Each structure stands twice: as structure tokens, then as C-alpha cells.
Amino acid sequence: MCGGCFVVKVWISKSSGVPIVEVTSGPGVLYVDGVETARQTKPGTVVFAVPYCPVGRTVEFTFVPSTGVRETVRIKRVPTVSGGASAYYAYAGGIVSGLDGRGVPVDVIEDTGDKRKWTSGAEEFDNGVVRFTGGGSFEGSTRMLLDSPHLLDGLRKVLEGRGLVLITLSAPAEGVDPVRCVMVKRVNYTRTGTDGGQQVDVEWVEKPQPSGVVNIMLNAAVGLSGRIAPALTWGECMSAGYKWGNWTTIDALNRVTGRQG
């Protein structure tokens, strides 16, 4: 690799719908819409996913190497439609996933999923100044409609899993976080008709997305850290027919995620 040379490639995975970034460079920092997202400390090629990118809006990826000139790539994440859903649902629903961005598309998220409240105490001082006490957390609820009953088991595994959950809207909604990281407190499932549709009511506490919680050991080994996730999972490879054998990661990325070149 020549000094100061680097290549940045960004595409949307056709298997998961999550943006994938491939960087061939020395040390540097990746910014997503101006926010530091990943830090590369060793020279080489790294490939990773950015699961919290919003859907339906153009996002700017900028890599700033320690030497050389920054490079900027822009890309729009497209909606994910569940099996049998209409085009309308693609713009009214969302994706419920783990921190790696792999999850289940739901047909409708009612009221943009933004029913939330913040409860905290207050203290009044002798000089008449009032201050809130305690950090407090946003608590809220989201009602989802799932018209595809075969997706219910997958949705339950995500919502009832041990980790935090990402609720991603399928299109921008004014004043609403496009990707919300939450800890699920309670889930109620209600069958809506004879066709097996489900109304799913989720109560949650909003949480900041942790940094480097996915594949910590792998990221440390390749000199990569940040609010990122694996570009490819073994489950995706198995779904595409891959088994132990003579194939490379690049081959799988090309076939499973749609990487070109």
C-alpha cells in the first residue's frame, strides 16, 4: 500500500439492509454525518456494518486518514419490506433488530413509535432556583402491527433477547429519532384476526447505543473500534448455502451482501 493511499467503499447489504463500509487504509477515523463512528488504528482492510444509520435519508460517510486527504461517500439506506407487505407499509413500518442490525421488518409502527416520557425529581434552593435531580431516562412504548405471522417467532427472539434492541423507522418522521436504542421492559402480543396478524405493544427504556459491544475481540485484533457491527454473520452465510470449505470472506461478501468488485 502506498503511503497516504486509501480506498473507501460503502454499499447497502442486500441480505440485511444495513450499510456496509470497507476501508483500505492506514490509521484513520470514519465519521457518519459528522459523528465519529469508527476508528482504525492499524493499516490494512477492514469491513464492518453501521446498523444505526437512518432509513430513507442520504447519509454522508467521511474517512479521515492520519495522512492524506479525506474521502467522502454518500448513500441512502432503503426501506426493508416484510413478506407480502405493500409499498405503503414500507414507508409506515420499521425494523426491530439487535445491535448488529439484523432483525425483523414490521408492517406498521403506529404514532411513529414516539410515545415517551421523562420522570425526574426537582429541588428548590433558598434563592428560588429550581434544579432537576437525577439523570432520569426516557420511557415509552411502541405499537407495531405484524401482518406476516411467519415472522412472529423471529420478532419475539429479538424483543425477548438478552441484549438491547434497535427500533428503526422505515422512513424519516419529523422530530423522531430514526433509530432508537432501547431496553425492552414488557411486550404484549394480541392476535388481530383469523389471518394470524399480530398487534405487538412494547414498553421500553431508551438507552445510548454502546460502543464496540459487537465482536470486541475481533475489532481489537484488527485495530477497529466504534459503534459498529460485523459486515457479515455466519447465519447469513449459512442461509446463502455456505458451509465449511474453500471460500473467502470477499467471496461471501460479494454473493451475500451485494458487494461489487
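Contact here means heavy atoms within 4.5 Å. I note at the outset that this is a predicted model.

**Entry 1. The chain as a whole**

I first looked up how the contacts are distributed along the sequence. Counting contacts between residues at least 6 apart in sequence, I find that 57% join residues at least 24 apart. I then listed the secondary structure and recorded 5 helices and 19 strands in the chain. For burial, I noted that the chain has 261 residues and that 43% of them count as buried. The exposed surface comes to about 13700 Å². Carbon and sulfur atoms supply 53% of that surface.

**Entry 2. The hairpin of β1 and β2**

I next turned to the strand pairs. Strand β1 covers residues 7-12 and strand β2 covers residues 19-25. I recorded 6 bridges between them, in the antiparallel sense. Which residue of β2 is the bridge partner of Val-7? I find that Val-7 is bridged to Thr-24. This hairpin has 6 residues between its strands. Among them I looked up Gly-17, which takes a positive phi near 80 degrees.

**Entry 3. The hairpin of β8 and β9**

A second hairpin was examined in the same manner. Strand β8 spans residues 94-97, and strand β9 spans residues 103-106. The two run antiparallel and are joined by 4 bridges. Between β8 and β9 lie 5 residues. In this turn I noted Gly-101, with a positive phi of about 85 degrees.

**Entry 4. Ser-97**

I then followed one residue of that hairpin. Ser-97 belongs to strand β8, and its bridge partner in β9 is Gly-103. Is Ser-97 buried or exposed? Its relative accessible area is 2%, and buried means under 20%, so I entered Ser-97 as buried. I also listed what Ser-97 touches, leaving out residues up to four places away in sequence. The list holds Arg-102 and Gly-103, together with Val-158, Leu-164, Val-165 and Leu-166.

**Entry 5. Cysteines**

Last, I looked up the cysteines. A disulfide is a covalent bond between the sulfur atoms of two cysteines. How many disulfides does the count give, with a pair of cysteine sulfur atoms required to lie within 2.5 Å? I recorded 0 disulfides. I also checked the burial of two cysteines. Cys-53 has 1% relative accessibility and therefore counts as buried. Cys-181 has a relative accessible area of 6%, so I entered Cys-181 as buried also.

Notes
Residues are numbered from 1 along each chain as its sequence is written. This is a predicted model: local features need pLDDT of at least 70, side-chain atom pairs count only at pLDDT 80 or more; totals for chains, interfaces and linings use all residues. Side-chain values use heavy atoms; hydrogens and water are left out. A disulfide is a pair of cysteine sulfur atoms within 2.5 Å. Buried means under 20% relative accessible area, exposed over 50%, partly exposed in between (1.4 Å probe, protein chains only). Accessible areas come from the Shrake-Rupley method with a 1.4 Å probe; for residues, only the protein chains shown count as cover. Two strands pair if DSSP finds at least two bridges between them.
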